[in-house]
Amino acid sequence: MRNTYPFHVLTAALFSLVTLLVGGTIGAVAYTQQRQLLLTAVSDIFARSLRESQSELAATYLPVQAQLGMLAAAIQKPGLPEPPERHLDMFVRFLESNPGISSITVERKSSERLTVTPLPHADARRRVDAPPQAAYRLDLAQERRSTTRFFDAGLAPLGGVRAMPGAPAPVGGPSLSVSHVAAPGVSLSANIGLKHLSANLSRQRVTPSTQLGMLDSAGHLLASSHGAWPEATDPPTLASMDLPILAAVVAQPVRGRIVTLELDGRRWTTLAQASEIAPGIATLMVMAAPHDEVLAGADQILQRTLLITLAGLGLIVPLIWWMSRRITDSLRRLAETAANAKAFRFSSESPRSVVREVDALSRTIQQMGATMQRFLEISARLATEHHFDELLDAIVAEAIAGAEAGAGAVYLFKENRLLQPMAWRWMGGKAPLAPFAVVPQEAPIFDTALARPNPAQFVLSPGYLQPGLEWLGAWFPGQSIQVLLVPLRNRSGDTLGLLLLARSATHEPYDPALVAFIDALSGTMAVTIEKQSVLESRKALLDGVIRMIASATDARSPYTGGHCQRVPELVDLLAEAVATHPASPYRHAAEGERS
């Protein structure tokens with residue numbers, strides 16, 4: 001047996017499923033679009049960071065390179081100046097005009113090197129053990145010895161000459177070296193500090209964990225948005241700065257295109273772009289942004305969409321449940337009404353519903369029940385009618401009422417196939433003119449109706465009434481007439497006659513449902529007519545036999561002559577007296593039932 005479920009349960013479940021599917025689809029589409037927008041935005045930010053970093057580095061590097069060339073033109077001697085501080089003011093002016101320079105160096109092939117380093121803050125002085133007033137450090141490395149001296153902002157020496165223990169300690173973090181040949185065997189170089197570049201990269205992070213870095217051609221880290229810069233003399237690298245994702249970006253071969261990498265279970269959007277800030281000065285910009293942070297907004301949109309969908313579902317499902325229950329109650333009452341109709345228990349009331357289709361179904365079932373009840377009542381009435389003439393009159397009356405017609409007549413076939421009007425009725429009162437007998441072959445409208453299996457409708461104009469229907473002109477003077485002809489056929493399919501119904505053409509055409517009802521009723525009418533006709537024939541035959549026997553009995557004996565004739569007459573007189581007496585229980589009996 002097939003499983004069945006209540007309508008309200010199925011409706012609520014279906015609505016919930018559709019809502020979840022729609023909400024999930026909207027969330028997925030929104031998430032996909034937002035994800036694409038965010039990843040595109042990250043790509044744009046990466047490209048902007050690359051342009052800004054290169055522009056900033058070039059804006060620092062190229063002026064220093066040009067000024068270094070001018071400084072080299074002022075130093076034409078191949079040897080270092082004696083004393084070394086002779087050109088110190090020149091170097092200081094160079095450093096002051098370029099605050100980003102961490103040191104300037106003059107070097108000869110004979111391994112003589114002069115380095116001037118600015119000490120702009122206390123931390124720089126602390127790292128090189130300089131006096132508190134020191135503003136510059138001068139390192140002189142010669143073949144036999146290396147010395148260090150400190151000067152204040154006015155270039156006044158502070159303390160004596162110190163022996164330089166080794167290479168100058170770094171004081172400015174990451175730097176980029178700019179070199180220029182001043183004369184044969186003499187070169188100038190300046191180290192550009194890149195702390196400001198690291199700060200710029202840090203500002204351009206799209207998420208807290210986004211990492212950006214710039215490397216030189218040797219793989220040394222020039223700037224980074226993350227990590228603490230070491231104080232070691234060796235140039236920092238991605239490994240020493242503990243930036244494994246940037247190291248993975250450098251290791252992969254794709255350049256200039258967004259690549260998705262996964263490291264330690266975390267997905268990253270990455271980009272590696274090589275460029276030159278000056279001829280022969282190559283850099284590599286590497287960037288990486290974690291998906292979980294970049295797509296946090298898209299994840300929140302998806303979560304909010306699902307939450308809104310569930311919240312809406314929680315609010316709407318009770319309403320759907322309540323509406324479904326109302327519809328279900330209407331359908332349940334309809335089922336009860338149909339079950340009662342099945343058991344021939346009819347009710348004039350029908351359940352109403354706010355749903356148009358259900359309400360229409362309810363009215364249809366009510367009309368069906370009323371039609372069945374009326375059909376049964378008419379059939380019962382016709383079955384209880386024992387007099388043929390009264391039966392035909394009842395058939396005409398019920399047909400007129402059922403079809404909402406204004407007049408009607410019953411034609412039955414007689415000898416030589418003549419259609420004889422047997423009963424008629426006009427709703428306007430007494431008929432002004434009786435219908436005529438009709439020969440079907442001479443009346444096309446009757447012949448056409450008899451040839452059809454179903455009822456036939458015609459509209460007759462007042463100026464022309466077909467043969468056999470001229471009497472309708474007297475019943476509906478000056479009016480167009482709608483005529484419905486229904487063949488009366490028995491169970492064997494034999495045609496006994498025609499039922500004619502007529503009304504003014506000012507009405508709408510006959511309702512197909514009423515026509516179908518009259519057509520169905522015509523079968524019962526035909527069977528009833530046939531049965532009563534047979535009974536009438538048998539009664540006539542029996543009456544004839546009785547009269548013949550009575551006549552023979554009266555003729556047999558002169559003493560009883562006329563007895564059989566007088567007895568029925570006396571019985572009729574007695575029945576009339578009993579029926580007309582005020583105290584008689586049979587005073588309401590019909591005239592035909594008194595004998």
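Q: What makes Asp393 and Arg425 a salt bridge?
A: In this predicted model, the closest N and O atoms of Asp393 and Arg425 are 2.7 Å apart. The cut-off between a side-chain nitrogen of Arg and a carboxyl oxygen of Asp is 4 Å, so the pair counts as a salt bridge.

Q: What makes this pair a link between distant parts of the chain?
A: Asp393 belongs to helix H9 (residues 388-403) and Arg425 to strand E14, with their positions 32 residues apart in the numbering.

Q: Why are Asp393 and Arg425 called partly exposed?
A: Partly exposed covers the range between the buried limit of 20% and the exposed limit of 50%. Asp393 has a relative accessible area of 28%, so the term applies. Arg425, with 32%, is partly exposed because its value falls in that range too.

Q: Why is Asp139 called buried?
A: Buried means under 20% relative accessible area. Asp139 has 2%, so it is buried. Its salt-bridge partner is Arg137, with the closest N and O atoms 2.7 Å apart. Arg137 has 8% and is therefore buried as well.

Q: How do you know that Asp123 and Arg126 form a salt bridge, and what separates them in helix H3?
A: The closest N and O atoms of Asp123 and Arg126 are 2.6 Å apart, and the limit is 4 Å, so the pair qualifies. Being three residues apart in helix H3, they are separated by about one helical turn.

Q: Which term, exposed or partly exposed, fits Asp123 and which fits Arg126?
A: Asp123, at 35%, is partly exposed. Arg126, at 54%, is over the 50% limit and therefore exposed.

Q: What makes E14 and E15 edge strands?
A: The open sheet has the order E14-E13-E17-E16-E15, with antiparallel pairing. Strand E14 (419-426) and strand E15 (456-460) each pair on one side only, which is what puts them at the edges.

Q: How do you know that strands E16 and E17 pair?
A: Pairing needs at least two bridges. Nine bridges join strand E16 (residues 481-489) to strand E17 (residues 495-504), so the two strands pair; they run antiparallel. One of the bridge partnerships is between Ile481 and Ser504 in E17.

Q: What makes the phi of Asp129 worth a remark?
A: Most residues other than glycine have a negative phi. Asp129 has a positive phi near 55°. Its place is the loop between helix H3 (122-127) and strand E3 (136-141). With a relative accessible area of 56%, over the 50% limit, Asp129 is therefore exposed.

Methods: Residues are numbered from 1 along each chain as its sequence is written. This is a predicted model: local features need pLDDT of at least 70, side-chain atom pairs count only at pLDDT 80 or more; totals for chains, interfaces and linings use all residues. Side-chain values use heavy atoms; hydrogens and water are left out. Helices (H or I, at least four residues) and strands (E, at least two) are DSSP runs, numbered from the N terminus. Buried means under 20% relative accessible area, exposed over 50%, partly exposed in between (1.4 Å probe, protein chains only).
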